[in-house]
Amino acid sequence: MSIKRLLILAILIAPFVYAYREKPLLDDHKTRIYQLAGNTEEPLTEEQLALPAWDGLEYVDWVIITGIKDKTHMSLVSIGIVKYIKIVDTDWGSDSLGMKKDEKKSL
């Protein structure tokens, strides 16, 4: 194998290695869900991470993509890749954690 082929192979594999190393973990998903539900940017405390509502969630790891799904409803709550987390079920946090939803003002 020539140096040129090795370089091309390394360039093709590097993004996947980076995505694997930087994938969001369970606590990252919990933090983002809580922040969205509470409309805050503060990190979670140990008490908030120990809430019983989190027990109904299952962490799913698809190599470079991670997600959290609700065990009872069998629905996807959030999905993440490379430090980015998208909340799919925006109502889960406010319903399960007992937070009030912000009423949107209509113009």
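**Exercise 1. Find the residue of strand 2 that stands opposite Tyr59.**

Step 1. Start with the two strands. Strand 1 covers residues 57-62 and strand 2 covers residues 65-70. Helices (H or I, at least four residues) and strands (E, at least two) are DSSP runs, numbered from the N terminus.

Step 2. Look across from Tyr59: its opposite in strand 2 is Ile68. Val60 also has a bridge partner in strand 2, namely Gly67.

Step 3. Now view the pair as a whole. Strand 1 and strand 2 are antiparallel, with six bridges between them; two strands pair if DSSP finds at least two bridges between them.

A word on the model before you go on: it is predicted, local features need pLDDT of at least 70, side-chain atom pairs count only at pLDDT 80 or more, and totals for chains, interfaces and linings use all residues. Residues are numbered from 1 along each chain as its sequence is written, and side-chain values use heavy atoms, with hydrogens and water left out.

**Exercise 2. Follow Gly67 into strand 3, then compare the turns of the two hairpins.**

Step 1. From Gly67, go to strand 3 (75-81). The bridge partner of Gly67 there is Ile79.

Step 2. Check the direction: strand 2 and strand 3 run antiparallel and are joined by six bridges.

Step 3. Turn to the hairpins. Two residues lie between strand 1 and strand 2, and four residues lie between strand 2 and strand 3.

Step 4. Look at phi in the turns. Val63 has a positive phi of about 60°, and Met74 has a positive phi of about 55°.

**Exercise 3. Explain what catches the eye about Val63 and Asn39.**

Step 1. Recall the background: most residues other than glycine have a negative phi.

Step 2. Val63 is not a glycine, yet its phi is positive, about 60°. Asn39 is not a glycine either, and its phi is positive, about 55°.

Step 3. Place them. Val63 sits in the loop between strand 1 and strand 2, while Asn39 sits in the loop between helix 2 and helix 3 (46-49).

Step 4. Decide on exposure. Buried means under 20% relative accessible area, exposed over 50%, and partly exposed in between (1.4 Å probe, protein chains only). Val63 has 55%, so it is exposed. Asn39 has 59%, so it is exposed too.

**Exercise 4. Which residues have the most contacts inside the largest nonpolar core?**

Step 1. Know the term: a nonpolar core is a set of buried Ala, Val, Leu, Ile, Met, Phe, Trp, Tyr and Cys residues joined through side-chain atoms within 4.5 Å.

Step 2. The largest core has 13 residues, and those with the most contacts inside it are Ile33, Tyr34, Trp54, Leu57, Val77, Trp92 and Leu97. Helix 2 (26-38) and strand 4 (84-87) are the elements that give two or more residues to this core. Helix 2 gives the most, three residues.

Step 3. Zoom in on Ile33. Not counting residues up to four places away in sequence, Ile33 touches Trp54, Ile68, Val77, Ser78, Ile87, Trp92 and Gly93. Contact here means heavy atoms within 4.5 Å.

Step 4. Move to Tyr34, which is found in helix 2. With a relative accessible area of 14%, Tyr34 is buried. Leaving aside neighbours within four places in sequence, Tyr34 is in contact with residues including Leu44, Leu51 and Trp54.

**Exercise 5. Find the salt bridges and say which parts of the chain they link.**

Step 1. Recall that side chains of opposite charge can pair when their charged atoms come close. A salt bridge is a side-chain nitrogen of Lys or Arg within 4 Å of a carboxyl oxygen of Asp or Glu. The whole structure has two of them.

Step 2. Glu22 and Lys83 form one, at 3.1 Å from N to O. Glu22 is in the loop between helix 1 and helix 2, and Lys83 is in the loop between strand 3 and strand 4, 61 residues apart. Glu22 is partly exposed at 22%, whereas Lys83 is exposed at 63%.

Step 3. Lys23 and Asp61 form a salt bridge as well, with their closest N and O atoms 2.8 Å apart. Lys23 lies in the loop between helix 1 and helix 2 and Asp61 in strand 1, so this pair ties together parts 38 residues apart in sequence. Lys23 is buried at 12%, and Asp61 is partly exposed at 40%.
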